[in-house]
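User: Please take a close look at one part of this model, a strand and the strands beside it, and set it against the chain as a whole. Which residues cover its faces, and which strands does it pair with?

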Amino acid sequence: MRITAVTCVKNEGPFLLEWIAYHRLIGVTDFLFYSNDCTDGSDVLLDALAQRGGLSHLPNPAKGRAYQMEALKDCAHQPVVQQADWIWIADVDEFLNIHVGDHSIPALIEACHSPAAISVTFQFFANAGIERFEDRPVIEQFTRSHNPDIWCGETAIEVKSLTRRDFPLGYYGAHRPFVSKSAKTHPRWCDGSGRQVPQKFLTAANPRRIRKFPAKGARQLATLNHYALRSLDSYLVKNDRGDVNRENRAFDDTYWRERNDPSWENRSILRLLPNLKAALAEMKSDPEIARLHDACVAAHLAQRDALLAQPAYQAMRAQLQKASPLPPQEEAMLMRLGLM
């Protein structure tokens with residue numbers, strides 16, 4: 001079975017080897033990376049990995065700011081996607097955590113009885129007070145998360161999707177494929193428990209739920225672990241990547257607080273940690289790959305230091321350090337009820 005993972009990156013250098021090694025462990029055979037405007041050496045590391053096989057690296061074709069949208073349009077025309085049996089579209093902070101069989105994508109597909117698509121529900125993993133960047137597996141460091149059935153008062157939570165080659169495709173979205181308007185029948189499409197997804201999700205009939213559906217009971221076979229925050233150091237660098245001009249503008253900590261609910265613990269993905277560490281050691285046994293990875297780590301830390309020399313980022317760090325661990329929506333509800 002050929003499984004191609006497609007992703008877009010910008011300055012994700014310290015995290016690339018882990019993501020690639022992990023997804024190889026669960027059955028991904030090929031990778032298609034699109035990068036844009038990298039300053040940390042991510043693109044150089046990807047080029048070196050591409051030379052060793054099993055990975056393709058292309059410049060993002062976007063002309064404006066719709067980087068992911070343009071890349072996903074382009075990927076449908078790439079041989080590594082066209083020749084795959086299944087396509088997995090996800091970001092480098094997202095890890096497909098499979099609970100069935102040998103914890104591989106083929107095992108998940110078999111458990112779902114080979115549908116045309118499988119959409120797996122996010123679970124957001126909190127920062128949980130980890131401030132310093134460490135060059136070790138993200139999945140090992142972050143194990144706290146929100147109640148898996150409710151996120152920020154919402155019972156419907158976003159998904160990412162595996163898509164089979166013969167899916168009646170209109171186009172790939174970042175979270176799910178869209179059925180072609182010319183399709184005569186709707187495909188069998190499962191959630192992370194092997195159940196048929198809601199009809200309105202399948203047909204994209206509800207604009208508010210195009211990329212999500214109720215999470216309760218949807219993760220029996222697989223969870224999508226989303227490490228959107230990582231360490232405080234890395235979050236500052238990520239924030240700068242998206243918006244470098246903060247002069248005279250207050251920082252909004254909503255994104256951080258919504259994803260930093262540590263009320264539950266989920267360590268299930270750690271069953272793959274020994275194999276992941278062995279795979280990383282093997283990748284780093286190549287001196288060039290090890291050197292380029294270390295250069296990405298050094299650039300990440302240098303960017304953190306440069307940011308923290310600025311008063312705006314000093315204030316941002318302080319604000320996040322003292323931010324409430326409750327999502328804004330939950331805190332507002334407790335205040336309305338007089339419980340805070």
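Analyst: In this predicted model, buried residues account for 51% of the 340 residues of the protein. The exposed surface comes to about 15,200 Å², and carbon and sulfur atoms supply 51% of that area. The protein contains 13 helices and 14 strands. Its radius of gyration is 20 Å, close to the 20 Å that the globule rule gives for 340 residues, so the protein is as compact as a globular protein of that length. Along the principal axes, the C-alpha atoms fill a box of roughly 60 × 60 × 40 Å. Of the contacts between residues at least 6 apart in sequence, 77% join residues at least 24 apart.

Strand S4, residues 86-89, is the part to examine closely. In a regular strand, side chains alternate between the two faces of the sheet. In S4, Trp86 and Trp88 lie on one side, Ile87 and Ile89 lie on the other, and all four are buried, so that both faces of the strand are covered.

The pairing of S4 involves two further strands. Strand S1, residues 3-9, pairs with S4 in the parallel sense over four bridges; within this pairing, Thr4 has Ile87 of S4 as its bridge partner. Strand S8, residues 156-164, runs antiparallel to S4 and is joined to it by three bridges. Here Trp88 stands opposite Leu162 of S8. The two buried sides of S4 are thus each represented in these pairings, with Ile87 belonging to one side and Trp88 to the other.

Strand S5, residues 94-98, offers a second case: five of its five residues are buried. Glu94, Leu96 and Ile98 point one way from S5, whereas Phe95 and Asn97 point the other way. The partner of S5 is strand S13, residues 222-226, and the two pair in the antiparallel sense over five bridges. Glu94, one of the buried residues of S5, has His226 as its bridge partner in S13.

A contrast to these covered strands is found in helix H11, residues 287-308, which includes Pro287. Pro287 has a relative accessible area of 63%; because this is over the 50% cut-off, the residue counts as exposed. Pro287 and Val100 are 187 residues apart in sequence, and their C-alpha atoms are 36 Å apart in space.

As for charge, the protein carries 41 positive and 40 negative side chains, and the centres of the two sets lie 6 Å apart.

Key
Residues numbered from 1 in each chain as written. Predicted model: local features only at pLDDT ≥ 70, side-chain atom pairs only at ≥ 80, totals over all residues. Heavy atoms only, no water. Buried < 20%, exposed > 50% of the residue type's maximum accessible area, 1.4 Å probe, protein only. Pairing = 2+ DSSP bridges. Rg over C-alpha atoms; globule rule 2.2 N^0.38 Å. Contact = heavy atoms within 4.5 Å. Areas by Shrake-Rupley, 256 points an atom, 1.4 Å probe, with all protein chains shown as cover. Lys, Arg positive; Asp, Glu negative; His and termini not counted. Charge placed at Lys NZ, Arg CZ, Asp CG, Glu CD.
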